[in-house]
Amino acid sequence: MKRLKPQRIFYLTAILLGCFLAARAQQAVTVQAPPPAPSPSAAPIPTPVPDQKAYDEARRIKDPQKKIEALEKVIKDYPERFSAYQARNDVLDVLIKNFPSQTDQIRAAAERYLQPMNFITIGGGSNSVTVALKLMDAGIMLDWAEELAKKGASQDESEAVKAIRRQRARYQDALGRIYLKQGKTNLAKNYLSQALSNEPELTSALIAMGQIAESNGNHKPALEYLTSAAVKSSLKKPDRQLMEAAYRATHHDSLAGLEDLLDDKYRKLNAGLHFDHYQATSKRSNRTALAELFTGSGCGPCVAADLGFDGLLERYNRQELVVLVYHLHVPLPDPMTNPTTVARGKYYAVPGTPTPVVDGFKLPSAGGSREMAKGFFDRMNPKIESELESPAQAQLKLTATREGDLIKANVTVDPIKESSPDLKVQLALTEDELRYTGENGVRFHPMVVRSLGGKDAAGFGLTTGGPTNIEWTFDLKTMSDELKKYLDAYEHEGHRGEAFTFSEKKFQIDSNNLSLVAFVQDMKTKNVLQTVYMKLGPTMTSPAQTAAK
């Protein structure tokens, strides 16, 4: 490999630092909900959070073996907290210092430390070099230390080159679009082509190239550019009209098949994402886990979360995991939002989007781009697998019948292992998949919550001393009318005081694309005791049923 001169290394470092600062806000972030009004009273002195308290206590232990055991417990109990990352590092340090001959254990601890954690912004080559230096200082495993140091250098150089190309694409795209507005089409095309060479998925450059091609009567390349942009972000109305004009020009003046074309391109865009099916262990319990996600179609960081939840649906069947997705107007208006999803977000005190929740346990609210979807999935999966080895605390039976627009659900709960006055049955009606492209480019939205059962969508209390039987009817026509009324009112009032217009209002409900989900939840602790899922058929004149024990 050709060596870089010191001066070039200096310039690369300076550019990389600028790229890092510019890109940091786009990776592993959460879009915050509007902050509450400040309280006039003085804030109480905060107490240490449980994970940090456990970590601090583990670090104070003098006996090396007991210290390792305590640190391992922190890693197991708080896998998604920063303290787990610190504990990983400390276990490695204790092993190197006190048990230098146990090379297998040291290597295993080092490899675990090198595993990515989504809420840690540093890593990769930097962590590889950190481990290499630890081994070098101890004078052990020097061949592997050499390998790690070389690997770290290669990773850092590769990431630096990628960051530079992304930053270069931004100014090439800006210049190209400036030249296009100035009427300097050839210059614009030249710079925009360079931008796409450096960043092939740069939506603004794709749209501009489509505009140039269509203005020159080159309909086929215009259609390719504009449809490629349309599956990555919602198009503004003039650009959508331009795409439709290019499609008509190449398809006998018809729009038939355009949406199918976009569907196909979108699925190919994410074809590289694959998630292995869950293999139950001997510890598998009778629990069906519940994963809830608060997201928004206008939320950029939600892309990783949305695609990560697609991965969860691929990995697990509905007897293992049930998913509920609540859309919110965060940060932009979302036509899949409804009053029940807003209320559910308030119940969990959702700080922003994306926010994932597993069996009532709120996980860190960190998302990112499409490239970070696998990392998001990897962050969610251990919690789910842990829940599947924890026994259910209730038994549920769900039956349903259907007459026209009326869906009549019946839930029976019996028994409950630990009774509590705060327990409630929650019943959700979901649309299995909605097609809508918002500002973040996600086109397909699974398990979208359309309504929750109970008065004010607040669920149902449990009967003490025996089985609880609950009946609830969802009226699809009434629901659709109320959704339209809600979206019309939100549009009329404006989003946070700003006028806007929905590009599409998703108030119509596909009656052939529905499921029911019931679960028992402690409304005080938020712990979910058990969940049950039922896919609704087009016609159900006799009761269909499913049960979770």
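**Figure 1. Close-up of Cys-302, a residue that counts as buried because its relative accessibility is 0%.** Here buried denotes under 20% relative accessible area, exposed over 50%, and partly exposed the range in between, with a 1.4 Å probe and protein chains only. The model is predicted: local features need pLDDT of at least 70, side-chain atom pairs count only at pLDDT 80 or more, and totals for chains, interfaces and linings use all residues. Residues are numbered from 1 along each chain as its sequence is written, and side-chain values use heavy atoms, with hydrogens and water left out. Cys-302 is joined to Cys-299 by a disulfide, with an S to S distance of 2.2 Å; a disulfide is taken as a pair of cysteine sulfur atoms within 2.5 Å. By this rule, the count is one disulfide. The torsion about the S-S bond of Cys-299 and Cys-302 is about 85 degrees, so the disulfide is right-handed. Cys-299 likewise counts as buried, at 0% relative accessibility.

**Figure 2. Packing of helix H13 (residues 302-315) and helix H15 (residues 373-387).** Helices (H or I, at least four residues) and strands (E, at least two) are DSSP runs numbered from the N terminus. The angle between H13 and H15 is about 50 degrees, and their axes are 8 Å apart. Axes are lines fitted to C-alpha atoms, for helices over the stretch in contact, and angles run from 0 to 180 degrees between N-to-C directions. The angle makes H13 oblique to H15; under 35 degrees counts as roughly parallel, over 145 as roughly antiparallel, 65 to 115 as roughly perpendicular, and the rest as oblique. The crossing of H13 with H15 is right-handed. A crossing is left-handed if the near helix is turned anticlockwise from the far one by less than a right angle, and right-handed if clockwise. Residues of H13 in the contact include Leu-307, Phe-309 and Arg-315, and those of H15 include Phe-376, Phe-377 and Glu-385; contact means heavy atoms within 4.5 Å. By class, the residues of this contact are ten nonpolar, three polar and two charged. Ala, Val, Leu, Ile, Met, Phe, Trp, Tyr, Cys and Pro count as nonpolar, Asp, Glu, Lys and Arg as charged, and the others, Gly among them, as polar.

**Figure 3. Packing of helix H3 (residues 64-77) and helix H4 (residues 82-98).** The axes of H3 and H4 are 9 Å apart, at an angle of about 160 degrees. This angle makes H3 roughly antiparallel to H4. H3 crosses H4 in a left-handed manner. On the H3 side, the contact includes Pro-64, Ile-68, Leu-71 and Glu-72, while H4 contributes residues including Ala-87, Arg-88, Val-91 and Leu-95. Ten nonpolar, two polar and four charged residues make up the contact of H3 with H4.

**Figure 4. Packing of helix H8 (residues 185-198) and helix H9 (residues 203-215).** H8 and H9 pack at an angle of about 145 degrees, and their axes lie 10 Å apart. Their crossing is left-handed. Among the contacting residues are Lys-189, Leu-192 and Leu-196 of H8, with Leu-206, Met-209 and Ile-212 of H9. The contact of H8 with H9 comprises nine nonpolar, two polar and one charged residues.

**Figure 5. Surroundings of Leu-483 in helix H16 (residues 476-493).** Leu-483 counts as buried because its relative accessibility is 6%. Not counting residues up to four places away in sequence, Leu-483 touches Asn-338, Arg-450, Phe-507 and Ile-509. Met-336 is 147 residues from Leu-483 in sequence, yet their C-alpha atoms are 9.1 Å apart in space.

**Figure 6. Cis peptide bonds at Pro-331 and Pro-354, with positive phi at Ala-349 and Asp-456.** Most residues other than glycine have a negative phi, and most peptide bonds are trans. The cis bond between Val-330 and Pro-331 has omega of about 0 degrees, and Pro-331 is placed in the loop between strand S3 (321-327) and helix H14 (339-347). Omega is also about 0 degrees for the cis bond joining Thr-353 and Pro-354; Pro-354 belongs to the loop between strand S4 (352-353) and strand S5 (355-358). Ala-349, with phi near 55 degrees, is in the loop between H14 and S4. Asp-456 has phi near 55 degrees and is located in the loop between strand S10 (444-452) and strand S11 (460-461). At 70% relative accessibility, Asp-456 counts as exposed.
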